Amino acid sequence: HGMGGSGKTSLAAEALRDAHLLRQCFPSGVFWLTIGQLNDERGQVDQTKLLMKMNNLCARLDDEGSSAASSNVEEAHDRLRDVFSRQYPRSLLVLDDVWSP
């Protein structure tokens, strides 16, 4: 959280350069996802774009292919939580370039 251009991404990237620390703290891996601007013309989060990003992430990470694409953000949230807890229990998910209205 903070003003754009203040170095948040650079700081996070530098913190993740220590391979020993990563293996010790996050043996299931580190996943870096760039969100980008998801706001519609009214300044609200575009639920369709958010759902598409979440479903794409689930499809890429779910090695078991446990379920079809979610039909709403709440279902996608639950599916992501399930995928991470079952398949990547000690991992780090970095959400970069998140915009808020």
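Helices and strands here are DSSP runs, numbered from the N terminus. I am working from a predicted model, and today I looked up a pocket and a helix pair.

**Entry 1: the second largest pocket**

I started with the volume, which comes to about 260 Å³ for the second largest pocket. Next I wanted to know which residues lie nearest its centre. The lining holds 16 residues, and Leu33, Ile35, Leu50, Met54 and Leu95 are the ones nearest the centre.

Which elements each supply at least two residues of this lining? I found two strands, E1 (29-36) and E2 (91-98), along with two helices, H3 (47-61) and H4 (73-87). H3 gives the largest share, four residues.

I then sorted the lining of this pocket by class: twelve residues are nonpolar, three are polar and one is charged.

**Entry 2: H3 against H4**

Two packed helices are described by the angle between their axes and the distance between the axes, so I looked up both. For H3 and H4 the axes come within 9 Å and cross at roughly 25 degrees. Angles under 35 degrees count as roughly parallel, so H3 is roughly parallel to H4. I also noted the hand of the crossing of H3 and H4, which is left-handed.

Who meets whom? On the H3 side I listed Gln47, Leu50, Leu51, Met54, Asn55, Leu57, Cys58, Ala59 and Leu61. They meet Val73, Ala76, His77, Arg79, Leu80, Val83, Phe84 and Gln87 of H4. By class, the residues of this contact are twelve nonpolar, four polar and one charged.

**Entry 3: a cross-check**

Leu50 and Met54 turned up twice in my notes: they lie among the residues nearest the pocket centre, and they are also among the H3 residues that meet H4.

How values were computed
Residues are numbered from 1 along each chain as its sequence is written. This is a predicted model: local features need pLDDT of at least 70, side-chain atom pairs count only at pLDDT 80 or more; totals for chains, interfaces and linings use all residues. Side-chain values use heavy atoms; hydrogens and water are left out. On a 1 Å grid over the protein atoms alone, a cavity is a set of points where a 1.4 Å probe fits but cannot get out, and a pocket is an open set with protein on both sides within 12 Å along at least five of seven lines; lining residues have an atom within 4 Å of a point. Grid points are joined across faces, edges and corners, and a volume is the space filled by probe spheres set on the points. Ala, Val, Leu, Ile, Met, Phe, Trp, Tyr, Cys and Pro count as nonpolar, Asp, Glu, Lys and Arg as charged, and the others, Gly among them, as polar. Axes are lines fitted to C-alpha atoms, for helices over the stretch in contact, and angles run from 0 to 180 degrees between N-to-C directions. Angles under 35 degrees count as roughly parallel, over 145 as roughly antiparallel, 65 to 115 as roughly perpendicular and the rest as oblique. A crossing is left-handed if the near helix is turned anticlockwise from the far one by less than a right angle, and right-handed if clockwise. Contact means heavy atoms within 4.5 Å.
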